[in-house]
Amino acid sequence: MGKNELKVSEIMKFSRHDHMNDMQLLLMYLDMGKYQEAKECILEKTSEMQQFAMLQKLGLPNTEEWLMTLDWKYPAFNSRLHCDIASDVSSPTIDAILVGYLEDLVKTVMPRIDQYAECTVMIDVVTTALAWSIKLSFSDIQGISLHNTENSSLLTVEILDEQDQWTVILSGKLGGL
């Protein structure tokens, strides 16, 4: 995965830190008698873990790891993941292409982010029996041009430059690759 690859010990450190923060927030809500907020916190974290579990159905282990560790490798991002995976992709070639493209994409976006603010990234991963797509929508970013856009039988890239949001959609077809 390159220069920004995390070691298992680093992943465990980040994971423990995040879980500790979640537990402390939950405890704070309970101590303050804010039971509805505590319940919402539990439901939000449960939903987040369900999305990570769904992502594993994608069958692209390096892409899955890249998406799940984006916030840890690049703290300027605050990602939100949504998955609707009906079929697995399971292609080492697509997996390698995607990770390389995603890494290049982040390196292109990073200089456009206010270093003192978090950039929300909505990530939607969808597969059907015939196609797959990964959509990344970056908040508060506009007008980025990419020089390395792909348009091949394995990967199509679509860029949407909208007001207060910049979206990249990576997609491809399933079957007969």
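## Exercises on a predicted model

Met28 lies in helix α1 (residues 8-31), where helices (H or I, at least four residues) and strands (E, at least two) are DSSP runs numbered from the N terminus. The model is predicted, so local features need pLDDT of at least 70 and side-chain atom pairs count only at pLDDT 80 or more, while totals for chains, interfaces and linings use all residues. Residues are numbered from 1 along each chain as its sequence is written, and side-chain values use heavy atoms, with hydrogens and water left out.

**Exercise 1.** Determine which residues link up in a network of salt bridges, and describe each pair.

*Solution.* Begin with the criterion: a salt bridge is a side-chain nitrogen of Lys or Arg within 4 Å of a carboxyl oxygen of Asp or Glu. The structure holds 2 salt bridges. In one of them, Asp22 pairs with Lys45, with the closest N and O atoms 3.5 Å apart; this pair links distant parts of the chain, since Asp22 is in helix α1 and Lys45 in helix α2, 23 residues apart. Lys45 also meets Glu48, at 3.6 Å from N to O, and because these two are 3 residues apart in helix α2, about one helical turn separates them. Asp22, Lys45 and Glu48 are thus linked in a network.

**Exercise 2.** Classify Asp22, Lys45, Glu48 and Met28 as buried, partly exposed or exposed.

*Solution.* Buried means under 20% relative accessible area, exposed over 50%, and partly exposed in between (1.4 Å probe, protein chains only). Asp22, at 19%, counts as buried. Lys45, at 24%, is partly exposed, as is Glu48 at 29%, and Met28 at 38% likewise counts as partly exposed.

**Exercise 3.** Work out the strand order of the open sheet and place helix α2 against the strands.

*Solution.* Two strands pair if DSSP finds at least two bridges between them. The 5 strands form an open sheet of mixed pairing, in the order β1-β2-β3-β5-β4. Its edge strands are β1 (77-85) and β4 (156-162), each of which pairs on one side only, and the twist averages 15° from one strand to the next. Next, β4 is joined by 7 bridges to strand β5 (residues 165-173), the two running antiparallel; in β5, Trp166 is the bridge partner of Asp161. Finally, helix α2 (residues 35-55) lies across β1 and β2 (119-127) and runs at about 60° to β1, where contact means heavy atoms within 4.5 Å, and axes are lines fitted to C-alpha atoms, for helices over the stretch in contact, with angles from 0 to 180 degrees between N-to-C directions.
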